[in-house]
Amino acid sequence: MITVVIASQLREDRLDYLTAMHASLTRQSAPWEAVIALDGASPDRLPAPLAQDPRVRTLALPRPVGAACARNLALTDVRTPYVNWADDDDQFTDNAMAVRLDVLESTGVGWCAGWSEDHHPDGATTLWRCPAPPGRHEAGDVWTYWKSPADTIPIGPTTVLARTDLVRAAPMGGLVQGEDYCSLAVTSLAPGVVLPVPVYRYRKHSGQMTAQHGYDQLESAAREHAWQYGHALRSAVGFRQVLGSAVPWTLPRDHGHRLDTSA
């Protein structure tokens, strides 16, 4: 039912984290599989628990292309109705898949998200409640909770379980960082539900991308791009929906001239 898409360079300092991510998947009660996009890394370096799990498939890219490109290329290999993005150094809570899948299957919405937890080096966790409140949200409404690019994003991208067709329509953005901000655009394409429960654990450690030197140099630009993208998509989709309900489009009548429909 669910494919988890992960990009990884299989760095030595992250292999144990990737193994822990996989362990969190094995504790899920909902059926899942994973596609690991190996960003220029050899499949031989994949930890044994993943290499031996038939639910885990790899996409070995011949050279490093970055997380955004690697994730989007892996999306081509998804063969399930639903998709969840994930990082190679994080974990899912034990009920993450089942609780969101139940909402998707029972309500027919396009996506379901939740809260997340910061996972600290000492093992402690801190709950993060996203700005978008719990409950149902119509298409485009989530973006109203991201008031400006500098503000906190409205939902954690890796907490979103969404229909595969929506994710393919709004995948990762072509950015060197903050690419997952753009993936929140799925919330502009269909109604969804935010659950007041943690479904993802975001690991805090010195090797995470957001802790690297120079990360702040492009953060504001990435946020500005994603913020503009989301609001533009919300506006465009909303405008189309209004036109669709008020003035249905029909093929123009042929007033004595042959209509050219070959284009």
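1. A cavity here is a set of points, on a 1 Å grid over the protein atoms alone, where a 1.4 Å probe fits but cannot get out. The structure holds 1 cavity of 30 Å³ or more, and about 50 Å³ of space lies in the largest cavity; volume is the space filled by probe spheres set on the points, joined across faces, edges and corners.

2. Just so we're on the same page, this is a predicted model, with local features needing pLDDT of at least 70 and side-chain atom pairs pLDDT 80 or more, while totals for chains, interfaces and linings use all residues. Residues are numbered from 1 along each chain as its sequence is written, and side-chain values use heavy atoms, without hydrogens and water.

3. Back to the largest cavity: its lining (residues with an atom within 4 Å of a point) includes Trp 85, Pro 157 and Ser 183. Strand 4 (residues 82–87) gives the largest share, 3 residues. By class, the lining has 8 nonpolar, 2 polar and no charged residues.

4. Helix 4 (residues 96–107) looks fine on length: at 1.5 Å a residue its 12 residues should span 16 Å, and the end C-alpha atoms are 17 Å apart, which agrees. Ala 96, Met 97, Arg 100, Leu 101, Val 103 and Leu 104 are buried (under 20% relative accessible area) in helix 4. They cover an arc of only 155 degrees around the axis, so they sit on the same side of helix 4. Gly 108 follows, with a positive phi near 80 degrees.

5. On cysteines, the count is 0 disulfides (sulfur pairs within 2.5 Å). Cys 112 is buried at 0%, and Cys 69 is partly exposed (between 20% and 50%) at 32% relative accessibility.

Note on methods. Helices (H or I, at least four residues) and strands (E, at least two) are DSSP runs, numbered from the N terminus. The expected span of a helix is 1.5 Å times one less than its number of residues. Buried means under 20% relative accessible area, exposed over 50%, partly exposed in between (1.4 Å probe, protein chains only). The arc is that of the directions from the helix axis to the C-beta atoms. On a 1 Å grid over the protein atoms alone, a cavity is a set of points where a 1.4 Å probe fits but cannot get out, and a pocket is an open set with protein on both sides within 12 Å along at least five of seven lines; lining residues have an atom within 4 Å of a point. Ala, Val, Leu, Ile, Met, Phe, Trp, Tyr, Cys and Pro count as nonpolar, Asp, Glu, Lys and Arg as charged, and the others, Gly among them, as polar.
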